[in-house]
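Student: I would like to go through the labels used for this model and see what each one rests on. Where do we start?

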Amino acid sequence: MKSNKKAMKRLVSGVVISSIAITAAGCGNNKAPEASNGGGAAQGPVELSIMLPAFKPTFPKDGSPVVAELEKFTNSKIHLEWVPDSSYADKINITLASGKLPTIMVIKDKTASFINAARSGAFWEVGPYLKDYPNLSKANSIVLNNISVDGKVYGIYRARPLGRNGIVYRKEWLDNLGMQEPKTIDDFYNMLKAFTTKDPDKNGKNDTYGMVISKYNGPFEIMQTWFGVPNKWGEDASGKLVPAHATPEYLEALKFFKKLYDEKLINADFAVMDSNKWTDPIVNGQAGVMVDVTDNAARIDDKIHLALQQAGKDQKDKYFMDILGSVSGPKGNRALPTSGYAGMVAISKSTVKTEAELRQVLNFLDKLNETEAQNLGFNGIEGKHYKKVEGGIEPTKDTALMDQEVSGLNQMFMGIPENRYLEVVQTPVRKKSNDVQKANESIVVPNPAEPLVSNVYAQKGPQLDNIINDARTKFIVGQIDEAGFKAAVELWKKSGGDDYVKEINDLYAASKKK
């Protein structure tokens, strides 16, 4: 047990150091001359196609105002290939299978298909080149290790706060019911129950429910962490790694989720709900809680204000949402971390054929990390999409304009070594989100297998994941019982799971010897 604790302490320290390094390194603008790229800048605009996810039906078109300004700043000609987020994983697989890749692809997850493509030479190994660029050279080594495949870096990570996950809820509902902020899992359940049964909006109607969940698996993975479930993999008493679903805590969490479903405290259609519409029930006053990234609170608050404003009922100084980092479970307060990154941007070898071309693309990506480029990608054009005010910026209230010209462009940005764009004025909700994310860093549960690359998972990952995810959904909605779930776990083992566990443990043991 002593070695187990020491290993976990080392991992927690590593991920916290990673977060500090991402947010604190390089406070200056660090603007570099055009040719400061280890290979010389392109003489004319470099032509780029970029595939990225769209979270809204409207998005910036090629040549639209902000895109045009980015092109000027980076000396490029950009073609954006937008793909709906709900079908992005499928599109990635189809594109990789076709062999016809865009210049740059936003890779949201280190999936089996991406790993196979990287190993087969679909993407440039960029690790050796990063040192030649003023911003990319400051990439965090721990996060680079997390995204690596066989020790090689095939993309540039999109930096994210480690403690970003939490609970977002309608504060005025809790106030209306005279309840206190939940501290424990039981308190959390009681809040959902009250939001469903006690008329929290005081409209005299039975038209609310506790928590909205979409088909995205994140909320379950965040909540199960409260119960003591490890982050994908955890060490047992002997120091061996076991998958999360094989722990007794996982089954306890499943029973809790089923209870929420049976008592109608969550939406019945969670398994098929489009993640693009996930916040709608909270904005519309139907649901009171969302378990996801804490910065959703400010976005939801803004949408509520906009809806009230359009109805002539805005309450400008009122804030509707509040935030919690976690609630206490059997092992105290625990939070599911990010990996210090949310996917990466990868450069295609089929389109970018020479080292000279690669350096042009890397120069483009490096310049996206400059203050001016980040401001454009996140905020738009000053005077049109935002105005500077004391303490930050104030975005335009014209959400249609933002959707058409700005929203979504941030998906191709990396934030290395840090986010340099102007922040929206720190409302209490935004400040609370930042504070919670920082506080969560001390309670995050690391995944000890994060940097390990399994050949078994590369071949069978989607199939293995689907077995467990389908069994979880079926258990929650009552289509299978505990015996049925255990049968699914046995199927997982026979379908390659046993080989996966053995391989991960072999890789883990080898990594400790390095």
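Tutor: With the word "buried": it stands for under 20% relative accessible area, while exposed stands for over 50%. Keep in mind that this is a predicted model.

Student: Which residues of helix α3 (residues 88-98) are buried?

Tutor: Tyr88, Ile92, Thr95 and Leu96 are the buried residues in α3. They lie on the same side of α3, because the arc they cover around the axis is only 100 degrees. As background, an α-helix has 3.6 residues a turn, so residues three or four places apart point the same way.

Student: What does the face of α3 turned away from the buried side carry?

Tutor: That face carries Asp90, Ile94 and Ala97, which are exposed. On the other side, the buried residues of α3 pack against β1 (46-54), β2 (76-84), β3 (104-107) and α4 (112-119). After α3 comes Gly99, with a positive phi near 80 degrees.

Student: How do you know that the length of helix α11 (residues 296-310) agrees with what is expected?

Tutor: The helix has 15 residues, and the expected span is 1.5 Å times one less than that number. This gives 21 Å, and the end C-alpha atoms are 21 Å apart, so the two agree.

Student: What do the buried residues of α11 pack against?

Tutor: The buried residues of α11 include Ile300, Ile304 and Leu306. Their packing partners are β5 (165-170), α10 (280-283), β9 (287-293), β10 (321-324), α14 (399-405) and α15 (428-440). Just after α11, Gly312 has a positive phi of about 75 degrees.

Student: Why is β9 called largely enclosed?

Tutor: Seven of the seven residues of β9 are buried, so the rest of the structure largely encloses this strand.

Student: What makes β5 and β9 a strand pair?

Tutor: Pairing needs at least two bridges, and β5 and β9 have five, in the antiparallel sense. One bridge sets Gly166 against Asp292 in β9. Strand β6 (residues 209-211) is joined to β9 by two bridges and runs parallel to it; there Tyr209 stands opposite Ala287.

Student: How many bridges does β5 form with β10?

Tutor: Four, again in the antiparallel sense, with Val168 opposite Ile323 in β10. In β10, Met321 and Ile323 point one way, Asp322 and Leu324 point the other way, and all are buried.

Student: Why is the pair of Tyr261 and Phe270 called edge-to-face?

Tutor: The planes must be over 60 degrees apart and the centres within 6.5 Å. For Tyr261 and Phe270 the values are 75 degrees and 6.1 Å, and the pair is edge-to-face. Phe270 has a relative accessible area of 2% and is therefore buried, whereas Tyr261, at 21%, counts as partly exposed. Both rings belong to a cluster with Phe220, Phe227, Phe256 and Phe257.

Student: How do you know that the charge of Lys259 can be related to the ring of Tyr189?

Tutor: The distance limit is 6 Å from the ring centre, with an angle limit of 35 degrees from the ring normal. The charged end of Lys259 sits over the Tyr189 ring, 4.1 Å from its centre. Likewise, the charged end of Lys367 sits over the ring of Phe73, at 4.7 Å.

Student: Why is Asn455 called partly exposed?

Tutor: Its relative accessible area is 38%, and partly exposed covers what lies between the 20% and 50% limits. Asn455 is in helix α16 (residues 455-477) and touches Arg119 and Glu503, leaving aside residues up to four places away in sequence.

How values were computed:
Residues numbered from 1 in each chain as written. Predicted model: local features only at pLDDT ≥ 70, side-chain atom pairs only at ≥ 80, totals over all residues. Heavy atoms only, no water. Buried < 20%, exposed > 50% of the residue type's maximum accessible area, 1.4 Å probe, protein only. Arc of directions from axis to C-beta. Contact = heavy atoms within 4.5 Å. Phe/Tyr/Trp six-rings, centres within 6.5 Å; stacked < 30°, edge-to-face > 60°.
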